[in-house]
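Ready for some practice in reading a fold from its coordinates? Please keep the sequence and the viewer open side by side while you work.

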Amino acid sequence: MRGIGLLLKRSGCHSLASASSLSSRRLWFSSTRSTLCPHHTQVTQLQQGEGVLKGSKKKQAEDKWKLPDTPCRTRFAPSPTGYLHLGSLRTALFNYLLAKATGGQFILRIEDTDQTRLVHDAEQRLFNDLRWAGLSWDEGPDVQGPYGPYRQSERLSLYDEHANQLIHEGKAYRCFCSPEDLERHKQAAHESGESTAYPGTCRNVPLEESDDRAAKGEKYAVRFKSSDKPVIIEDILYTRYRKREPEEDFIIRKRDGFPTYHFANIVDDRAMKITHVIRGAEWLISTPKHVELYNAFGWEPPKFAHVGLLVDEERQKLSKRHKGVDMSWYKDNQIPPEALLNFAVLLGWSQKSGEPDFMTLQDMVDRFSFKFSKGDIVVSFDKLPYLHEKHFEHLLRQEPPNLPRLQSYLINPIRDMITAVENARAGTPEGALEETTIHNIPLLSLASPVPQTQESPASTQDYILRALRTAKSIKPDLELFLSQNRYAFWTLPPSVLSKNFDETPSLQHAKLDGEEASPSVVMRFIVEQLSDIVSSKGEEGSPEEEKTEVEEWTAEKIKPVVDATVKAVSVSDPETGEPIKGAGGYKFLRWALLAGDHGPGLVSVMELLGRKETMKRLITSYKVALEKEKAENGGSGSGTIDAVATGLGLALFDLF
């Protein structure tokens with residue numbers, strides 16, 4: 001029998017499964033409200049006007065997506081036979097969101113019945129990875145709760161009790177067939193082209209004989225007596241679903257005394273009062289077994305929602321070889337867990353139209369609904385860098401600051417890179433600096449670090465945080481951020497200012513208040529204007545020369561002075577002579593403060609650098625411009641650029 005994946009692929013439909021088939025059996029879907037695919041010949045009761053939802057039909061769809069008004073109890077039940085991966089994290093997240101959105105409880109249960117495949121550290125890593133991702137649980141192995149224990153290996157007596165109940169009600173039976181006998185039957189049936197399903201050898205063994213053989217120590221498994229007709233199940237996404245053929249008599253208790261997944265799963269969900277089960281579509285084909293067991297006990301099943309399988313771009317199920325499957329990949333790439341959860345929630349779930357993709361965990365809780373996507377979900381990592389950047393920006397805006405997160409993902413990595421650059425500068429011979437680049441920063445382009453990064457750990461942390469908040473945007477590539485914003489962390493060598501001056505010819509075509517002015521005159525004017533922020537007059541009656549520093553150096557204080565200063569300066573295109581649009585004073589300021597580098601607004605840069613460092617850079621730039629003019633005039637200098645003649649005084653220049 002060909003699988004549904006091939007059937008749907010041939011019909012040209014995007015649906016529950018494609019390249020990775022859910023089963024080798026054909027599936028039968030029946031729906032009065034929605035269909036798996038309008039062209040699939042095995043989908044019945046197609047909607048009138050299929051493909052278009054109008055009026056009451058649209059409301060029906062919206063009602064289907066709505067969450068219950070009562071609290072939901074959900075669970076994430078991983079097996080410690082492996083580690084948490086992207087698909088299982090998404091399952092945990094969907095169940096967590098449903099519980100929190102309805103005021104219910106989220107339970108963590110460890111399904112460790114497959115004792116032969118347990119990985120010794122898998123359980124602890126599951127706890128660690130879930131907590132790292134930001135998910136917590138109300139009940140579980142490590143926090144307990146009213147329905148524990150929460151490890152299946154500690155609940156064996158409960159499964160035995162329920163298995164024996166089914167046996168004595170005639171709904172299950174002991175199977176004494178050895179694994180070797182069963183394998184021989186399968187092989188013979190396969191070779192003859194017959195069904196390899198269990199032939200029912202022990203189905204009719206009398207209960208008295210079965211009890212006697214078990215009492216004598218004969219090994220056995222327990223098989224459930226399946227219905228001779230396929231069972232229809234209800235699903236939030238697919239409405240109604242059934243397999244084409246009935247189940248064979250499947251095992252619910254293995255010969256080693258442990259229950260199978262299918263049996264322990266339903267016993268635990270019932271005992272723990274689970275109301276909703278959200279899981280991957282690969283479990284849809286097993287759900288009829290679970291519903292049959294619920295029916296046998298007379299229990300109402302929980303509500304099921306089977307969400308699309310995660311596949312790669314070749315429509316193959318994601319495996320360990322794919323990047324971004326294991327949680328360690330996100331940790332190694334410094335992707336914050338908030339960005340990972342944001343990425344995971346968009347894999348098969350849709351929010352209301354117009355809502356932004358960026359979401360905090362609380363946003364996800366507030367917006368959650370049952371609006372899941374049918375069919376395979378092709379995982380593309382194209383959106384991850386965008387979400388990464390947005391969550392960095394959100395982290396930087398948070399008040400009060402989330403210092404542990406900031407330190408882990410932003411402050412400490414940048415601090416460590418600064419240290420690495422400084423170590424390289426100290427260990428590189430002066431003659432080799434020109435050829436040496438660390439973290440994409442040529443060492444020759446740097447002078448000493450700004451004082452704020454050298455004073456104390458607290459001062460360094462505070463300064464790096466302010467620098468991050470000053471930046472226009474924070475890309476996930478922090479090495480690129482440091483390179484592009486190097487002059488927020490290191491002072492400017494005069495050689496770099498000189499080189500950039502030569503590469504910016506418009507600086508030599510400036511006007512001040514409409515009159516032609518040399519670069520040094522413009523820079524002297526800028527220093528004069530900004531010096532009013534640097535110092536203020538002392539007490540009334542004191543000599544004007546005696547000045548005290550102003551305590552505030554804030555954007556609010558700086559901006560009005562800068563705005564007035566830059567408007568007095570204009571620059572022209574050296575080739576056309578046409579004025580360059582915008583206040584030319586900004587071009588001089590950007591050259592003086594950042595060697596012409598693009599970056600944040602200059603008022604913000606000045607506030608970040610502080611009063612002393614800002615004025616030091618402006619005066620250094622003045623001196624560079626002055627030296628350029630002297631060299632151009634044959635070393636004689638210009639008679640119009642004397643500092644004293646402008647009333648500025650040499651004292652301020654000599655401070656630096």
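Below are six exercises, each with a worked solution.

This is a predicted model, in which local features need pLDDT of at least 70, side-chain atom pairs count only at pLDDT 80 or more, and totals for chains, interfaces and linings use all residues. Residues are numbered from 1 along each chain as its sequence is written, and side-chain values use heavy atoms, with hydrogens and water left out.

**Exercise 1. The whole chain**

Task: Find how many helices and strands the protein chain has, and what share of its residues is buried.

Solution:
- Start with the elements, taken as DSSP runs numbered from the N terminus (helices are H or I with at least four residues, strands are E with at least two). The protein chain has 22 helices and 20 strands.
- Next, apply the burial cut-offs: buried means under 20% relative accessible area, exposed over 50%, and partly exposed in between (1.4 Å probe, protein chains only). Of the 656 residues, 49% count as buried.
- Finally, look at contacts, meaning heavy atoms within 4.5 Å. Among those between residues at least 6 apart in sequence, 72% join residues at least 24 apart.

**Exercise 2. A strand and its threonine**

Task: Work out whether Thr74 is buried or exposed, and which residues it touches.

Solution:
- Locate the residue: Thr74 sits in strand S3 (residues 73–76).
- Check accessibility: Thr74 has 0% relative accessibility, so it counts as buried.
- List the contacts, skipping neighbours within four places in sequence: they include Asn95, Tyr96, Phe106, Ile107 and His276.
- Widen the view to both faces of S3: Arg73 and Arg75 on one side are buried, and so are Thr74 and Phe76 on the other.
- Add the partner strand (two strands pair if DSSP finds at least two bridges between them). S3 and strand S4 (residues 105–108) run parallel and are joined by 4 bridges; within S4, Ile107 is the bridge partner of Arg75.

**Exercise 3. A covered helix**

Task: Find how many residues of helix H9 are buried.

Solution:
- Helix H9 spans residues 287–297, and 10 of its 11 residues are buried.
- The buried set includes charged-type names such as Lys289 and Glu292, along with Val291, Leu293 and Phe297.
- Step past the end of the helix: just after H9, Gly298 takes a positive phi of about 75°.

**Exercise 4. Two helix crossings**

Task: Determine how H14 is oriented relative to H15, and then how H19 is oriented relative to H20.

Solution:
- Set the convention: axes are lines fitted to C-alpha atoms, for helices over the stretch in contact, and angles run from 0 to 180 degrees between N-to-C directions. Angles under 35 degrees count as roughly parallel, over 145 as roughly antiparallel, 65 to 115 as roughly perpendicular and the rest as oblique.
- Helix H14 (residues 403–427) packs on helix H15 (residues 457–470) at about 100°, with the axes 10 Å apart. H14 and H15 are therefore roughly perpendicular.
- Residues meeting here include Leu410 and Ile414 in H14 and Ile464 and Leu468 in H15. By class, this contact has 9 nonpolar, 3 polar and 1 charged residues (Ala, Val, Leu, Ile, Met, Phe, Trp, Tyr, Cys and Pro count as nonpolar, Asp, Glu, Lys and Arg as charged, and the others, Gly among them, as polar).
- The axes of helix H19 (residues 555–567) and helix H20 (residues 584–594) come within 6 Å and cross at roughly 115°, which makes H19 roughly perpendicular to H20.
- Val562, Asp563 and Val566 in H19 meet Gly584, Gly585, Tyr586 and Leu589 in H20.

**Exercise 5. A small sheet**

Task: Which strands stand at the edges of the sheet that holds S16?

Solution:
- Write the order: S17-S16-S20, an open sheet of 3 strands with antiparallel pairing.
- Strands S17 (515–517) and S20 (569–571) each have a single partner strand, so they are the edges.
- S16 (residues 510–512) pairs with S20 over 3 bridges, one of them matching Lys511 with Ser570.
- H20 lies across S16 and S20, at about 85° to S20.

**Exercise 6. The core**

Task: Which helix gives the largest share of the largest nonpolar core?

Solution:
- Define a nonpolar core: buried Ala, Val, Leu, Ile, Met, Phe, Trp, Tyr and Cys residues joined through side-chain atoms within 4.5 Å.
- The largest has 168 residues, and Leu618 is among those touching the most other members.
- Helix H21 (residues 602–632) gives the largest share, 13 residues.
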